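Student: I have a model open and would like to go through its charged side chains with you. Could we take it piece by piece?

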Amino acid sequence: QVQLVESGGGLVQAGGSLRLSCAVSGTFFSAVAMGWYRRAPGKQRELVADISAGSWPNYVDSVKGRFTISRDNAKNTVYLQMNSLKPEDTAVYYCAAGTGRTATNGMRYWGQGTQVTVSS
């Protein structure tokens, strides 16, 4: 059974930083792409960043230069370092595990989500 457990969300002031973590079990972590998505109130879920099995990152334009996705295959964990946070980054953030080495193969497994709230 594949499990993804996110942590690290919380309340932060605009301009602050948070680091999200996602611990993964039950899949061959190092062989699949991982991603972070978010759903803001009243909006559809959107991709924030993904990282291939070979650790090539990809970001949505709105977070480029502020967020960094990384992975530690020894710990089966993917991270999202979020700096210079803005109120519009407020959302529930979800970790996802893919079915192949790149995100183009799609995401199959999802975590429960962690709330990130950025106050102005």
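Student: Which residue forms a salt bridge with Arg66, and how far apart are the closest N and O atoms?

Tutor: Bearing in mind that this is a predicted model, the partner of Arg66 is Asp89, and the closest N and O atoms of the salt bridge are 2.8 Å apart. Asp89 lies in the loop between strand 8 and strand 9, whereas Arg66 lies in the loop between strand 6 and strand 7, so the pair ties together parts that are 23 residues apart in sequence.

Student: Are Asp89 and Arg66 buried or exposed?

Tutor: Both Asp89 and Arg66 are buried.

Student: OK, and which residues are linked with those two in a network of salt bridges?

Tutor: The network links Arg66 and Asp89 with Arg38 and Glu46. The side chains of Arg38 and Glu46 themselves meet in a salt bridge, at 2.7 Å from N to O. Arg38 is buried, with a relative accessible area of 5%, while Glu46 counts as partly exposed at 31% relative accessibility.

Student: How many salt bridges does the count come to?

Tutor: The count comes to four, and one of them joins the side chains of Lys64 and Asp61, with 3.0 Å from N to O. In that pair Lys64 counts as partly exposed, at 48% relative accessibility, and Asp61 counts as exposed, at 61%.

Student: Switching topic, which way do the side chains point along strand 7?

Tutor: They alternate along residues 67–72: Phe67, Ile69 and Arg71 point to one face and are buried, whereas Thr68, Ser70 and Asp72 point to the other face and are not buried.

Student: And what does strand 7 pair with, and in which sense?

Tutor: Strand 7 pairs with strand 8, residues 77–82, in the antiparallel sense over six bridges, and within this pairing Arg71 stands opposite Val78 of strand 8. The two strands form a hairpin with four residues between them, and Asn76 in the turn has a positive phi of about 50°.

Student: What about rings, then: where does Arg19 lie, and which ring has the charged end of Arg45 over it?

Tutor: Arg19 lies over the face of Tyr79, at 4.0 Å from the ring centre, and the charged end of Arg45 sits over the ring of Trp110, 3.8 Å from its centre.

Student: How many aromatic pairs does a search of the whole structure find?

Tutor: That search finds one aromatic pair.

Note on methods: Residues are numbered from 1 along each chain as its sequence is written. This is a predicted model: local features need pLDDT of at least 70, side-chain atom pairs count only at pLDDT 80 or more; totals for chains, interfaces and linings use all residues. Side-chain values use heavy atoms; hydrogens and water are left out. Rings of Phe, Tyr and Trp (its six-membered ring) pair if their centres lie within 6.5 Å; planes under 30 degrees apart count as stacked, over 60 as edge-to-face and the rest as tilted. A charge sits over a ring if NZ of Lys or CZ of Arg is within 6 Å of the ring centre and within 35 degrees of the ring normal. Buried means under 20% relative accessible area, exposed over 50%, partly exposed in between (1.4 Å probe, protein chains only). Two strands pair if DSSP finds at least two bridges between them.
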